[in-house]
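Thanks, everyone. Let's look at the model together, and then I'll walk you through it.

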Amino acid sequence: MITIIQVSPESLENVKQAMEKLIVQLNYEPSKPRIFLKPNIVDALAPKLAVDVDPIVCAGLILALKDKFDIEEFVIGENSGYFSEKPENFQTLIEKTGYKQMVENLKENYNVPISLVNLEYADLDEYAWKFPPYKLKLPSLLKTHSYINLPKMKTHGACMVTLGVKNQKGLLLLKDKKRFHLGFRDENNVYHSNLHECIFELGNLIKPELTICDATLALEGNGPTTIPGLTWVRKLNICIGGTDMMEVDNASCQIMGIPVDLVEHLPKINVSLAPGSLPLTCEEPFKRPVKLNIPFGNTYYHSSMWTCTGCQMTLTRMNRKISFTPELRKKLRQRNKKYDRIDFFVGRTEEENVPEEHGVLFFCGNCTKKIAQLFPDATHVSGCPPHYRDLTEIFVNL
Ligand code: SF4
């Protein structure tokens, strides 16, 4: 059973009241006195850009839980794929998204026992896993605390949507995130998985007690983060909550006007509404991601599900940098006059992925190193991922 509630993120009190309503409608009670919340915080951006769960939604939920139950501790945890393992990057993430300030406010003004944790450095437990090496490490918080999953409603270039099941990828160590994208390999270098299978399996392995999808503002187009001209913000002012993560995701897809059949990591299941819920309707279907192998100007991007978040984010940052820098835009226009066609490859790439009619070849990241060596005239930018400034420099000056 799920419920859809109206939430206006302008006031913390309003969000708290909405969350109290959600908890009552779902008849939810934490099974443990300690709570672990996993909001989707993937990029160092302000809440108005609808990329990360709005910290006020997270804060309102915490206050509602604190008032209603006897909670000893709240932990907010995330392992963003946007940055490297460097702790200073995690600091940038929580400062720019407003999470650090939100936690300080709850501590100082509401006396909430709360901490913010970089999951890359959290204690881990080992789980049996479907693919080689048949084990996966995940935060111990999943066992010691009541786990609440807080996704953001967004469309996604590789996965069609990113909701509750996909948000669990943020529980992984960065090295395992890469393996989710590139595939788990055995000792003979044979791949046994793809991204969708891994996300689905993680959804079977780890089940939150409560999932609340933040759709106060939602993102449509080529998410999961802002790309000028390819993503747009939608104001829905709702949250969708439920104790079955798959059901919440199914309901969210219906609201977005996206058939579940198009979401490879998500099984189709029936949705039932709790008494008092807003109706489950789609006012206007979300714009879906466009395939990046459609040319963008004279550049053909070849990015498959075998591209991990590291390179995806590097590309996003490069495109943003070019969009917002007049001098780089000028260089790009000049460069575009030189070539009829550029083919840009990122992520695990095989020789058959390079079309016969290709133009100038550009390979990004260590995953493309071997294939780049087959084409002596190609440009290859190394790194795992490459730094977006290096990539930008080489790309606009090609
Ligand atoms: S090169 Fe890029 S796609 Fe490949 S593992 Fe590294 S970051 Fe991921």
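One term before we start: a residue counts as near the ligand if its C-beta atom, placed from the backbone, lies within 6 Å of it. Keep in mind that this is a predicted model.

So, which residues surround the ligand? From the earlier part of the chain we have Lys178 and Leu182. Then come Thr307, Cys308, Gly310 and Cys311. The rest are Gly347, Gly365, Asn366, Cys367, Cys384 and Pro385. Two elements give two or more residues to this shell: helix 7, residues 174-182, and helix 10, residues 309-324. By class, the shell has 6 nonpolar, 5 polar and 1 charged residues.

Stay with Pro385 for a moment. A cis peptide bond joins Cys384 to Pro385, with omega about -5 degrees. Both of these residues are in the ligand shell. Pro385 lies in the loop between strand 15 (379-381) and helix 13 (388-396).

Now the domains. The chain is divided into domain 1, residues 2-262, and domain 2, residues 299-396. Their centres, taken over C-alpha atoms, are separated by 30 Å. The contact takes 12 residues from domain 1 and 13 from domain 2. Which element gives the most to the domain 1 side? Helix 7 does, with 4 residues. We met helix 7 at the ligand shell as well. By class, the domain 1 side of the contact has 6 nonpolar, 4 polar and 2 charged residues.

Next, the interior. In soluble globular proteins, nonpolar side chains tend to be buried together. Here the largest nonpolar core has 82 residues. Cys58, Ile62, Cys239 and Ile240 touch the most other members. Helix 2 supplies the largest share of this core, 9 residues. A second, separate core has 20 residues, including Leu315, Phe362, Cys364 and Tyr388.

Let's take Cys239. What does it touch, leaving out residues up to four places away in sequence? Its contacts include Ile5, Val7, Ala18, Leu22 and Val57. They also include a run from Ile212 through Cys213, Asp214 and Ala215 to Thr216.

Now helix 2 itself. Buried or exposed? Mostly covered: 11 of its 14 residues are buried. The buried residues are Pro55, Ile56, Val57, Cys58, Ala59, Gly60, Leu61, Ile62, Leu63, Ala64 and Leu65. Among them are Cys58 and Ile62, from the group that touches the most other core members. Val57 also turns up in the contacts of Cys239.

A quick check on the geometry of helix 2. It covers residues 55-68. At 1.5 Å a residue, its 14 residues should span 20 Å. Its end C-alpha atoms are 20 Å apart, so the two agree.

On to the backbone. Most residues other than glycine have a negative phi, and most peptide bonds are trans. We have had one cis bond, at Cys384 and Pro385. Another cis peptide bond joins Pro132 and Pro133, with omega about 5 degrees. Pro133 is in the loop between strand 5 (124-128) and strand 6 (135-139).

For phi, look at two asparagines. Asn27 has a positive phi near 55 degrees. It is in the loop between helix 1 and strand 2 (34-39). Asn27 is exposed, because it has 9 other C-beta atoms within 10 Å, and 12 or fewer counts as exposed. Asn237 also has a positive phi, about 55 degrees. This one is in strand 11, residues 231-242. Asn237 has 15 C-beta neighbours inside 10 Å, so it counts as partly exposed.

Last, three single positions. Ser11 is in the loop between strand 1 (2-6) and helix 1 (12-26). With 11 C-beta neighbours inside 10 Å, Ser11 counts as exposed. Glu201 is in helix 8, residues 195-205. It has 17 such neighbours and is therefore partly exposed. His302 is in strand 12, residues 299-303. Why does His302 count as buried? Because it has 22 C-beta neighbours inside 10 Å, and the cut-off for buried is 20 or more. His302 and Glu201 are 101 residues apart along the chain, and their C-alpha atoms are separated by 26 Å.

That's the tour. Over to you.

Terms used. Residues numbered from 1 in each chain as written. Predicted model: local features only at pLDDT ≥ 70, side-chain atom pairs only at ≥ 80, totals over all residues. Expected span 1.5 Å × (residues − 1). Nonpolar A, V, L, I, M, F, W, Y, C, P; charged D, E, K, R; others polar. Domains from an automatic or database assignment. Contact = placed C-beta atoms within 7 Å. Core = buried A, V, L, I, M, F, W, Y, C linked by C-beta atoms within 7 Å.
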